[in-house]
Amino acid sequence: MDPTTDNAASSDGARSSLESLRTEISKAVVGQDPAVTGLVVALLCHGHVLLEGVPGVAKTLLVRALAASLELDTKRVQFTPDLMPSDVTGSLVYDARSTEFSFQPGPVFTNLLLADEINRTPPKTQSSLLEAMEERQVTVDGTPRPLPEPFLVAATQNPVEYEGTYPLPEAQLDRFLLKLTVPLPSREDEINVLKRHAEGFNPRDLRAAGVRPVAGPADLEAARAAVAKTTVSPEITAYVVDICRATRESPSLTLGVSPRGATALLSTARAWAWLTGRDYVIPDDVKALALPALRHRVQLRPEAEMEGVTADSVINAILAHVPVPR
């Protein structure tokens with residue numbers, strides 16, 4: 001068989017498997033397609049996701065449904081004010097029988113870590129995830145220990161204006177590839193949610209809801225290889241740079257997007273292009289990922305915030321003014 005044909009078939013099969021994730025997740029979560037797509041894009045880009053929304057909009061259920069749809073190991077950590085860094089990363093434990101210390105891995109040693117309500121814990125514990133997210137390893141007692149591959153942190157947080165929360169510092173926000181907002185459902189979707197519960201749906205038993213693994217590590221590997229071959233023209237690269245540079249010049253912002261943010265926007269646009277069936281990136285791909293890739297990487301001026309300006313509105317205005325390549 002022609003290797004080119006074989007690679008194309010593998011790519012198409014991986015795309016089909018990842019697209020079927022949406023169907024599986026919809027068995028447990030009504031609506032929220034943009035958030036589902038964002039999670040799949042993050043998997044393809046070796047990135048991490050921050051899900052933000054008010055309590056009760058199925059943020060945790062969304063991540064659990066994703067884990068149930070993938071043949072990947074998953075663990076969940078409920079972040080609380082008294083959680084210690086070692087509760088996340090693991091620690092050395094003394095064995096009285098061998099009179100030696102042995103490393104007891106923490107829940108971060110998994111493929112998909114659900115960091116639930118990450119902004120409920122103090123900065124010291126939040127920062128315990130920094131090395132894991134960036135370096136894909138954990139260092140305990142001077143010894144680096146690699147994390148499994150693939151590794152994705154899906155963190156949920158409530159809006160910071162709620163009591164008892166600790167806003168994530170910019171350094172940690174920048175480690176998240178995407179920030180996805182999980183809105184309240186539409187009236188029709190909310191009716192469907194209540195209807196499902198009336199019919200006996202139990203969000204704690206996803207297997208009973210019919211959620212089954214439809215993709216695994218082999219599909220992810222094939223998909224990532226295909227995304228890496230997605231063509232990016234010099235014009236698209238310049239378009240991404242122009243968008244990010246415009247945020248640094250915006251009068252409404254004190255902090256614009258860094259080069260890391262530009263890299264994130266380009267890589268997620270490539271993944272989105274591949275998911276939609278193309279092997280090249282177009283400006284619409286960049287526009288589709290601009291908000292989730294950039295909204296957490298900018299900082300509003302206090303006076304702009306008081307006037308009701310949001311990060312999303314600033315980015316949308318920039319997208320409307322930056323010339324689109326032909």
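**Note on salt bridges, contacts and cores**

1. Glu-134 counts as partly exposed, at 38% relative accessibility, where buried means under 20% relative accessible area, exposed means over 50%, and partly exposed lies in between (1.4 Å probe, protein chains only). Its salt-bridge partner is Arg-260, with the closest N and O atoms 3.6 Å apart; a salt bridge here is a side-chain nitrogen of Lys or Arg within 4 Å of a carboxyl oxygen of Asp or Glu. Glu-134 belongs to helix H6 (residues 128–135) and Arg-260 to helix H11 (residues 259–275), so the pair ties together parts that are 126 residues apart in sequence. Arg-260 is also partly exposed, with a relative accessible area of 36%. Through shared partners, salt bridges join Glu-134, Asp-174, Arg-175, Arg-260 and Arg-297 into one network.

2. Before reading further, please keep in mind that this is a predicted model, in which local features need pLDDT of at least 70 and side-chain atom pairs count only at pLDDT 80 or more, while totals for chains, interfaces and linings use all residues. Residues are numbered from 1 along each chain as its sequence is written, and side-chain values use heavy atoms, with hydrogens and water left out.

3. How many salt bridges does the rule give? The count comes to 13, and one of them joins Arg-76 to Asp-116, whose closest N and O atoms are 2.9 Å apart. This pair links distant parts of the chain, with Arg-76 in strand S2 (residues 74–78) and Asp-116 in strand S5 (residues 112–116), 40 residues apart. Helices (H or I, at least four residues) and strands (E, at least two) are DSSP runs, numbered from the N terminus. The two partners should be looked at separately: Arg-76 is partly exposed, with a relative accessible area of 47%, whereas Asp-116 is buried, with a relative accessible area of 3%.

4. Thr-60, which lies in helix H3, is worth finding beside that pair. Setting aside neighbours within four places in sequence, Thr-60 is in contact (heavy atoms within 4.5 Å) with both Arg-76 and Asp-116, and also with Leu-114 and Thr-156. Although Thr-60 and Asp-116 are 56 residues apart along the chain, their C-alpha atoms are separated by 6.9 Å. Is Thr-60 buried or partly exposed? Thr-60 is partly exposed, because its relative accessible area is 22%.

5. A further salt bridge brings together the side chains of Lys-179 and Glu-52, at 3.4 Å from N to O. Here too distant parts of the chain are linked, since Lys-179 is in strand S9 (residues 178–181) and Glu-52 is in strand S1 (residues 49–52), 127 residues apart. Lys-179 counts as buried at 15% relative accessibility, and Glu-52 likewise counts as buried, at 18%.

6. The last point concerns the nonpolar cores, each being a set of buried Ala, Val, Leu, Ile, Met, Phe, Trp, Tyr and Cys residues joined through side-chain atoms within 4.5 Å. In soluble globular proteins, nonpolar side chains tend to be buried together. The largest core has 74 residues, and those with the most contacts inside it are Leu-18, Leu-44, Trp-274 and Val-286. Another core lies apart from it, with 23 residues that include Leu-83, Val-108, Val-140 and Phe-151. To see how one core residue is surrounded, start from Leu-44: not counting residues up to four places away in sequence, Leu-44 touches Leu-18, Ala-223, Arg-224, Val-227, Ala-271, Trp-274 and Leu-275.
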